[in-house]
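Here is a short briefing to read alongside the sequence and the 3D view. Have both open, and feel free to click along as you go.

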2 protein chains.
Amino acid sequence: MEDHIVRSYDEELKYIMRRISEMGGQAERMVEQSVRALTRSDFSLAQSVVADDVLLDAAQRELEERAILTIAKRQPMAQDLREIVGSIRIASDLERIGDLGKNIAKRVMAVHEFGQPVQLTRGIEHMAELALDQLKDVLDSYATRDTDRAEAVRARDEDIDAMYTSIFRELLTYMMEDPRNISACTHLLFSAKNIERIGDHATNIAETIYYIKTGQQIEDERPKGDRTTSMVLPVNAATDK
Amino acid sequence: MEDHIVRSYDEELKYIMRRISEMGGQAERMVEQSVRALTRSDFSLAQSVVADDVLLDAAQRELEERAILTIAKRQPMAQDLREIVGSIRIASDLERIGDLGKNIAKRVMAVHEFGQPVQLTRGIEHMAELALDQLKDVLDSYATRDTDRAEAVRARDEDIDAMYTSIFRELLTYMMEDPRNISACTHLLFSAKNIERIGDHATNIAETIYYIKTGQQIEDERPKGDRTTSMVLPVNAATDK
């Protein structure tokens, strides 16, 4: 942990916000690189994502400790307190996004054995682009305290969910068509699920921004995420295409 | 949020510990019921698990707010501070365990359509028993501050990982044998992965208990979890059995 001499509460807050933005950049990069590694079978890139996860975990721990010490020392109230609590929550979402990227990276080898199912990874690539846009947008909303933009991020999560549903269906169909696809498609299914969850974490961050600004939870219950949990494909789906 | 008149720091701490133990009981019940719903195709039990998740989420938020207010008000240091920080981390792990249970519950219908693959859900049932034992044990260690027992929980996580690896292999084999198994087995794969992650959260809690007691992270890097990420089954695995 770096030793910072912090002079004012304001500076402590700025330090925490800067660290969140750095963590956000790291998490974005991990997701982007893990998906690139998957689509290009780039094993050394995949390995570097796995290694980077250790740094993001350490950054989260450091931020959490820092934030808690600030609360104990400064006893902030109202929005000031929410700023700090919010930073702890956001750091935790970013750390989990990094974990999900790492998990995708670890599947690169197994997907490659299949021999580059380009048409399959393309859907995942596109889904990852959406999720990364969401992540960038929500980190910008955090930096600018723009709750409207944060709410827009939250609303757009449905697009990722819809894309996940379609990829889920597609992957199952490929599995049914040819049992040789099953191993690789299983790893791609888990990768797609990971990206869907990255979208959920971007949504969590949007909700935290709203909470910091207003002290309230966003009211309308949005049915978050995965609509594939009840999905059963008839076996002839493979031949119906 | 209940209105408690809290008289001393000690009582606040006791309140927080009691709430963690209640949340632990809820999380255990959700996991146990979700797996029971899965193996017996009990849809109403599955629905009640989904409904319970809202309560666990609310309990986590309440505990977090409470803990943060205690830090701001009492400015605890050293182990006292770690107690509170630890309670926030444990509540977050318990909330995620509840989420994973809910996700299993949501798959009950899709698995049932397949028509009761008893031999398949049996493995998952057994894996869930292990994970629940781990969870019970780690919650007891938290209540009694028994770091030896917590370390034993952490060491045993390997057993869950090994069982997950074997279930992963088994489910892929069933998928390769008959494409009609693919839909249900996919949902069972996700369910098994969820249980593997529940084990990881029990391990996180064990590590938090160690941190509360000692102020240190457990040193030895344990390669946590999922060894299936690089697993590819040859197609003839299905016929080799």
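The points below cover the interface between two chains and then one residue inside chain B. Please keep in mind that this is a predicted model.

**The interface at a glance**
- Chain A and chain B each bring residues to the contact, 41 from chain B and 41 from chain A.
- Between them the two chains bury about 3900 Å², and 62% of that is on carbon and sulfur atoms.
- On the chain B side, the residues that lose the most area to chain A are B:Ile68, B:Phe190 and B:Thr229, which together make up 15% of what that side buries.

**Polar and charged links**
- Two salt bridges are found across the interface of chain B and chain A.
- One of them joins A:Arg89 to B:Glu64, with the closest N and O atoms 2.5 Å apart.
- Five residue pairs are in polar contact between chain B and chain A.

**What chain B contributes**
- Four helices of chain B give two or more residues to the side that touches chain A: α2 (43–74), α3 (78–105), α6 (147–177) and α7 (182–214).
- The largest share of that side comes from α7(B), with eight residues.
- By type, the chain B residues that touch chain A divide into 21 nonpolar, nine polar and 11 charged.

**A look at B:Thr121**
- You will find B:Thr121 in helix α5 of chain B, residues 118–144.
- B:Thr121 counts as buried because its relative accessible area is 5%, where the cut-off is under 20%.
- Leaving aside residues up to four places away in sequence, B:Thr121 touches B:Leu38, B:Thr39 and B:Leu188.
- B:Glu151 is 30 residues from B:Thr121 in sequence and 30 Å from B:Thr121 in space, C-alpha to C-alpha.

Terms used:
Residues are numbered from 1 along each chain as its sequence is written. Chains are lettered from A and ligands numbered from 1 in the order in which they are written. This is a predicted model: local features need pLDDT of at least 70, side-chain atom pairs count only at pLDDT 80 or more; totals for chains, interfaces and linings use all residues. Side-chain values use heavy atoms; hydrogens and water are left out. Contact means heavy atoms within 4.5 Å. Buried area is the accessible area (1.4 Å probe) that two parts lose on being put together, summed over both. A salt bridge is a side-chain nitrogen of Lys or Arg within 4 Å of a carboxyl oxygen of Asp or Glu. A polar contact is a pair of N or O atoms within 3.5 Å; within protein, one must be able to donate a hydrogen and the other to accept it, and residues adjacent in sequence count only if both atoms are side-chain atoms. Ala, Val, Leu, Ile, Met, Phe, Trp, Tyr, Cys and Pro count as nonpolar, Asp, Glu, Lys and Arg as charged, and the others, Gly among them, as polar. Buried means under 20% relative accessible area, exposed over 50%, partly exposed in between (1.4 Å probe, protein chains only).
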